[in-house]
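Here's a quick briefing to read with the model open in your viewer. It goes from the surface to the core and then through the charged pairs.

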Amino acid sequence: MTNIQRCLAQNMKKHRKRMGLSQAALAERAGTAANYIALIEVGKNFPSLPMLEKIACALEIDALDLFDAQGLVSVDKSALLADLLESVTKTITDTVCSHSIRS
């Protein structure tokens with residue numbers, strides 16, 4: 001993961017959690033898929049400029065705030081893995097629940 005990806009990932013997650021949003025809720029607000037948000041937060045994908053604007057709008061921040069390096073912390077891989085597992089599990093659970101409610 002590059003420094004800019006790490007910066008984006010950490011700031012997205014920080015602002016998402018500050019608002020009390022799950023990845024699925026942020027995705028819905030930004031008009032994208034929850035797994036796409038998850039991939040950005042772990043540095044596997046990097047969004048286009050229009051998507052960055054949508055994510056920032058969904059987080060109620062300026063897009064430049066997604067690249068604020070002031071609050072960056074070193075990445076603890078085991079904590080990141082645990083958080084990723086939790087996020088993926090929650091996304092799957094939310095998806096399954098929403099599909100079973102519709103059926």
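Which residues gather in a patch of negative charge on the surface? They are Glu53, Asp62, Asp65 and Asp68. Keep in mind that this is a predicted model. Overall, the protein has five helices and zero strands, so the bullets below use helix numbers as landmarks, given the DSSP-based numbering from the N terminus.

**Overall build**

- Going along the sequence, the pattern reads α-α-α-α-α.
- The protein has 103 residues, and 33% of them count as buried.
- Take the contacts with a separation of 6 or more: residues 24 or more positions apart account for 65% of them.
- The accessible surface adds up to about 6400 Å², and carbon and sulfur atoms own 60% of that.

**Surface patches**

- One member of the negative patch, Asp62, sits in the loop between helix 4 (49-58) and helix 5 (77-102).
- Asp62 comes out as partly exposed, at a relative accessible area of 44%. That clears the bar for patch membership, because a patch residue needs over 30% relative accessible area and no salt bridge.
- There's a nonpolar patch on the surface too, made of Val88, Ile92 and Val96, with about 250 Å² of accessible area together.
- If you want to find that nonpolar patch, look for Ile92 in helix 5.

**Met12 and its surroundings**

- Is Met12 buried or exposed? Met12 is buried, because its relative accessible area is 0% and the cut-off for buried is under 20%.
- Met12 belongs to helix 1 (residues 3-18).
- Leaving out residues up to four places away in sequence, Met12 touches Leu26, Ile37, Ile40, Glu41, Ile55, Leu59 and Leu66.
- Met12 and Asp65 are 53 residues apart in sequence, yet their C-alpha atoms are 9.0 Å apart in space. Asp65 is also one of the residues in the negative patch.

**Asn3 in helix 1**

- Asn3 is in helix 1 as well, but this residue counts as exposed, with 57% relative accessibility.
- From Asn3 to Gly43 you cross 40 residues in sequence, while the C-alpha to C-alpha distance is 9.7 Å.

**Salt bridges**

- How many salt bridges does the structure hold? The structure holds three.
- Arg16 pairs with Glu41, and their closest N and O atoms are 2.7 Å apart. Arg16 is in helix 1 and Glu41 in helix 3 (residues 34-41), so this pair ties together parts that are 25 residues apart in sequence.
- Both Arg16 and Glu41 are buried. Glu41 also turns up among the residues that Met12 touches.
- Glu60 and Arg29 meet through their side chains in a salt bridge, 3.1 Å from N to O. This one links distant parts of the chain, 31 residues apart, with Glu60 in the loop between helix 4 and helix 5 and Arg29 in helix 2 (residues 23-30).
- On accessibility, Glu60 is exposed at 58% relative accessible area, and Arg29 counts as partly exposed at 42%.
- Lys90 and Asp94 form a salt bridge through their side chains, at 3.1 Å from N to O. The two are four residues apart in helix 5, so about one helical turn separates them.
- Lys90 is partly exposed, with a relative accessible area of 42%. Asp94 is partly exposed too, at 27%.

**A backbone detail at Glu60**

- What is phi of Glu60 near? Phi is near 60° there, a positive value in a residue other than glycine.
- To place Glu60 on the chain, go to the loop between helix 4 and helix 5. Asp62 of the negative patch is in the loop between those helices as well.

Conventions. Residues are numbered from 1 along each chain as its sequence is written. This is a predicted model: local features need pLDDT of at least 70, side-chain atom pairs count only at pLDDT 80 or more; totals for chains, interfaces and linings use all residues. Side-chain values use heavy atoms; hydrogens and water are left out. Patches are made of residues with over 30% relative accessible area and no salt bridge: like charges are joined within 9 Å, nonpolar side chains (Val, Leu, Ile, Met, Phe, Trp, Tyr) within 5 Å. Accessible areas come from the Shrake-Rupley method with a 1.4 Å probe; for residues, only the protein chains shown count as cover. A salt bridge is a side-chain nitrogen of Lys or Arg within 4 Å of a carboxyl oxygen of Asp or Glu. Lys and Arg count as positive and Asp and Glu as negative; His and the chain ends are not counted. The place of a charge is taken as NZ of Lys, CZ of Arg, CG of Asp or CD of Glu. Buried means under 20% relative accessible area, exposed over 50%, partly exposed in between (1.4 Å probe, protein chains only). Contact means heavy atoms within 4.5 Å.
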